[in-house]
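The following paragraphs walk through a structure, beginning with its enclosed space and moving on to chain architecture, a helix contact and backbone geometry.

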Amino acid sequence: MSDPTAAGRSPLGEDIFRYLCLSAATLLLVILAGVVVSLAIGGWPAFAKFGFGFLTAERWNPVDDIYGAAGPIVGTLVTSFLSLAIALPLAIGVAVFLTEFAPERLARPIAVAVELLAGIPSIVYGMWGLFVFAPWFAQTVQQPIAMSVTPGSWLDTLTQGVPNGANIFTASIILAIMILPYMAAVFRELLLTVPAQVREAGFGIGCTSFEVTWRICIPYVRTGVLGVIMLGLGRALGETMAVTFIIGNSHGFPKSLFDSGSTIASTIANEFAEASTDMHSAALIALGLVLFLITFGVLALARLLLARTTR
Amino acid sequence: MTRMTARARRRSIVNLIFVAACGMTAVIALGALALIGWSLLSKGVGGINADLFTMSQPAPGSRGGLLNAIVGSVILCGLAMVFAVVVGVLAGTWLSEYGGRTKLGHAVRFLNDVLLSAPSILIGLFVSELLVRNVIGHFSALAGSIALAILAVPIVTRTTEDILLLQPTALREAGMALGATRAFVVRKIVWRSAATGLLTAGLLGFARISGETAPLLFTSLGNQFFSVNLLQPIASLPTTIFQFALSAYDDWQRLAWAGALLIAASVLAINIAGRAIIHRKTS
């Protein structure tokens, strides 16, 4: 039998293992740098040709090889913020319900279920959105509204569009359902970091549950709440499949809530594999760089804010 | 006195509304997710049969299954997990045992977290630029599995670090006291005592990538025939579902639902298994 400690004492083996671990850790940095550099190089022709106008021009026309990214950029921001506006109150409600009101027996299984649902692939949400939610929405929401509004009124301008359920608004709802379990799970963890004494002190001076939650617990974790919002936003910005299924995929600015549109991710998903010219793929990669810069900013902020509350 | 009671009543009403609203949000959220689960079951179960697992994808209107896509997914994810576990466990080990508190350590941890939630389609673009365009020259299973590996690495790294930090310091000290080197202690004592936890790290990474679609669209593309060649395009469940769901044929859409059910069920099963292992370990 070989003597294991002899092998363990070899300084060479020690160094090799150490550097192996170090290089694996460094590889992560290299990958992230590689993503930025490859997107910058690949997208450069588009920036060089269209300049700053690439970000502000609306026309996206592969046939004439002219690309302006304002449509997908606006589509990305609008759907992300709309979905956040829908998901945030729901996520807070669910997390508060689970930590404050639900009996322990119920809270644990629900919390686990919510966390598991956060892992369901987005293509499933996309299919559900396209085949189940969009037809329902078109029939019970879009058509009645279209029939009852006065032409030219503000509600009419807001709700114009082909009544097939594939539009900015339904895409935002599907996105909201997707990011909701995720946000609720992180938010619940945050609420659990509030010390029991702080909470009980509140009840001790006669506060109601509402007051304890709203005036004590949520302010206690407030930077973390911002982190959760940013994390949800980061997810929504980059989400691809769910949106690609249901946003309608048309170029240009969306004219109303119920108009079809596109996001950066859905445009790349739809066009990249079949990009006809070099400029077309350069424009799509440039779009990718824009998306990366937006999400990197948002995610970095989220991590900084969350790190401050949880560590 | 009367003013006090009026105020108390108002506070209790506000409180009641708040409690009701929170309960309501829970009902709405769980209801929406239950609806999705129900659609998945009711539309997917009908398509689960022997053909699904024994035949490759059909032309519209003829018999067929998802065999080529299932095999493709297993190859893509399996290969990706080999890369991801090797890199992730080593990187996580470095964070927990060596350089976690250095400046580089903080940078790695931070950027790992960013990579963890970076849009997966951008990882697809990166691998496509690097491998598909400039090295291999065409779509391939290898490129697809590297894209998936990059998505799984951050999860494996993070979980590994967390798991290793849970191992008692006394364990390391005992090893060191016997005269073993650090590397030896890490490999033979710390890793061994954390073995089930490391398995979980792998499982969580696996669950993350098994439903990924976007990065595969322009790395492994898809293949309507059965293929196990790593240097050729390969079918995968998510890309096949994407193609079939958006097609105009009823039987293709049925297969898409069956495939979606298959993926959702396996992701759930993997996640539950991972959790069960961690739970047993920590409680």
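A cavity is understood here as a set of grid points where a 1.4 Å probe fits but cannot get out, and its volume is the space filled by probe spheres set on those points. In this predicted model, the count by that rule comes to one cavity of 30 Å³ or more, and the largest cavity holds about 30 Å³ of space. Its lining is formed by B:Ser73, B:Leu76, B:Cys77, B:Leu148, B:Ile209, B:Ser210, B:Glu212, B:Leu216 and B:Pro238. Sorted by class, the lining of the largest cavity consists of six nonpolar, two polar and one charged residues, and helix 3 of chain B, which covers residues 67-98, supplies the largest share of that lining with three residues.

The overall form of chain B comes next. Chain B contains twelve helices and zero strands, so that from the N terminus on every entry in its order of elements, α-α-α-α-α-α-α-α-α-α-α-α, is a helix as defined by DSSP runs. The C-alpha trace of chain B spans about 75 × 70 × 35 Å along its principal axes, and its radius of gyration is 24 Å, where a compact globule of 283 residues would have a value near 19 Å.

Chain A enters the picture through a contact between helices. Helix 2 of chain A (residues 11-50) and helix 5 of chain B (residues 120-133) have axes that come within 9 Å and cross at roughly 70 degrees. Because angles of 65 to 115 degrees count as roughly perpendicular, helix 2 of chain A is roughly perpendicular to helix 5 of chain B. On the chain A side, A:Ile31, A:Gly34, A:Val35, A:Ser38, A:Leu39 and A:Gly42 of helix 2 take part, and they meet B:Leu122, B:Ile123, B:Leu125, B:Phe126 and B:Glu129 of helix 5 in chain B. The contact of these two helices comprises seven nonpolar, three polar and one charged residues.

Two loop positions deserve attention for their backbone angles. Most residues other than glycine have a negative phi. In chain A, however, A:Asp65 has a positive phi near 60 degrees, and A:Asp65 is placed in the loop between strand 1 (60-61) and strand 2 (66-67). In chain B, B:Leu221 is likewise not a glycine and has a positive phi of about 60 degrees; B:Leu221 lies in the loop that runs between helix 10 (214-217) and helix 11 (237-245).

How values were computed. Residues numbered from 1 in each chain as written. Chains lettered and ligands numbered in written order. Predicted model: local features only at pLDDT ≥ 70, side-chain atom pairs only at ≥ 80, totals over all residues. Heavy atoms only, no water. Axes fitted to C-alpha atoms, helices over the stretch in contact; angles between N-to-C directions. Helix = DSSP H or I, 4+ residues; strand = E, 2+ residues; numbered from the N terminus. Parallel < 35°, antiparallel > 145°, perpendicular 65-115°, else oblique. Contact = heavy atoms within 4.5 Å. Nonpolar A, V, L, I, M, F, W, Y, C, P; charged D, E, K, R; others polar. 1 Å grid on protein atoms, 1.4 Å probe; cavity = no way out; pocket = protein on both sides within 12 Å on 5 of 7 lines; lining within 4 Å. Rg over C-alpha atoms; globule rule 2.2 N^0.38 Å.
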